[in-house]
Amino acid sequence: MRSVRSLPLAVLAALALAAPAQAQDIAGCFVRGSDPQVALQRPSPLGAVAFTVAGQDGKLCYGRPKANGRKVVGELVPFGAPWRIGANEATSLHLRFAADIGGVKVEPGVYSLYAVPGETEWEFFLNRQWERWGIPINDAVKAGDVGSFKRPVAATSGMVEQLTFTWMSHGADMGHLVLECENTKVEIPVHKGGM
C-alpha cells in the first residue's frame with residue numbers, strides 16, 4: 001500500500017502536469033493498491049475538499065459514486081446500516097489542528113469518517129483507522145471509534161448525481177462540511193478547539 005506522500009517527486013510532478021488541479025486536490029489522500037492517477041479515473045473517482053479553520057488546514061478525502069439511475073440513500077445504502085460515505089477507501093478527515101467535529105473533540109491527526117444514515121438524521125462516527133478499504137465496517141473497525149454525533153437531514157435544491165462534499169465557512173474559527181447526495185443534504189460542523 002502506498003500513499004501519495006510516499007511517491008517519488010517525479011511521479012507527483014507528472015501527476016501535476018497530467019491533471020494539475022485534481023492531483024493537487026488529492027495529495028495526501030490514502031490510495032490503496034494503485035496510484036493517485038488511477039484513483040482519479042475510477043468509476044467513483046477519488047475526490048477531496050480542502051478547508052481552513054483558524055488559519056490551519058484540513059482536508060476530507062472520499063470516493064465519489066454516482067447515482068446512475070439507482071436510488072442510493074435509503075436503498076443501495078440502507079437506512080440504519082453503516083456507510084463509508086462514498087466508495088473505495090474509507091472517507092478520511094485530515095486535521096492539522098485540534099478540532100470539535102459535531103461535538104466530538106479530537107487532537108490533530110487523521111481520522112476515518114463513516115455514517116449510519118436515517119430518514120431524518122444521520123449519525124456520524126470518527127475513527128482512528130483511516131488507511132483502509134472502506135468496507136466492511138465491522139467490530140474490528142468500530143473498535144477504533146473515538147466518538148459519534150447526529151446531524152439532521154435537509155433537502156438539496158435539486159438532484160445531485162454524484163456524491164459531493166463542499167466547505168461552507170462560518171467565520172475564521174468554524175465552518176461546515178456539506179454532504180450532498182441525490183436529494184439529501186447533511187452539514188457537519190467543524191470548530192477550532194479540541195481536547
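Trainee: Quick one to start: are W83 and W122 buried or exposed?

Mentor: Both W83 and W122 are buried. Keep in mind that this is a predicted model.

Trainee: Thanks! And how are the rings of W83 and W122 arranged?

Mentor: Their centres lie 6.0 Å apart and the planes meet at 70 degrees, so the pair is edge-to-face. W83 belongs to the loop between strand 4 and strand 5, while W122 is in strand 9, so to speak a link between distant parts of the chain, 39 residues apart.

Trainee: Which aromatic cluster do W83 and W122 belong to?

Mentor: One that they form with F124 and F149.

Trainee: What about Y114 and F125, how does that pair look?

Mentor: Here the ring centres are 4.9 Å apart with planes at 10 degrees, so this pair is stacked. Y114 sits in strand 8 and F125 in strand 9. Y114 has a relative accessible area of 2% and F125 one of 14%; both values are under 20%, so each residue counts as buried.

Trainee: Switching to the sheet: what is the strand order?

Mentor: The order is 3-4-5-8-9-10, an open sheet of 6 strands with antiparallel pairing. Strand 3 (46–53) and strand 10 (145–152) are the edges, each pairing on one side only. From one strand to the next, the twist averages 25 degrees.

Trainee: How many bridges join strand 9 and strand 10?

Mentor: There are 7 bridges between them. As an example, E123 has K150 in strand 10 as its bridge partner.

Trainee: And what does the secondary structure of the chain come to?

Mentor: It comes to 4 helices and 12 strands. Of the 195 residues in the chain, 47% are buried.

Definitions and conventions: Residues are numbered from 1 along each chain as its sequence is written. This is a predicted model: local features need pLDDT of at least 70, side-chain atom pairs count only at pLDDT 80 or more; totals for chains, interfaces and linings use all residues. Side-chain values use heavy atoms; hydrogens and water are left out. Two strands pair if DSSP finds at least two bridges between them. Helices (H or I, at least four residues) and strands (E, at least two) are DSSP runs, numbered from the N terminus. Axes are lines fitted to C-alpha atoms, for helices over the stretch in contact, and angles run from 0 to 180 degrees between N-to-C directions. Buried means under 20% relative accessible area, exposed over 50%, partly exposed in between (1.4 Å probe, protein chains only). Rings of Phe, Tyr and Trp (its six-membered ring) pair if their centres lie within 6.5 Å; planes under 30 degrees apart count as stacked, over 60 as edge-to-face and the rest as tilted.
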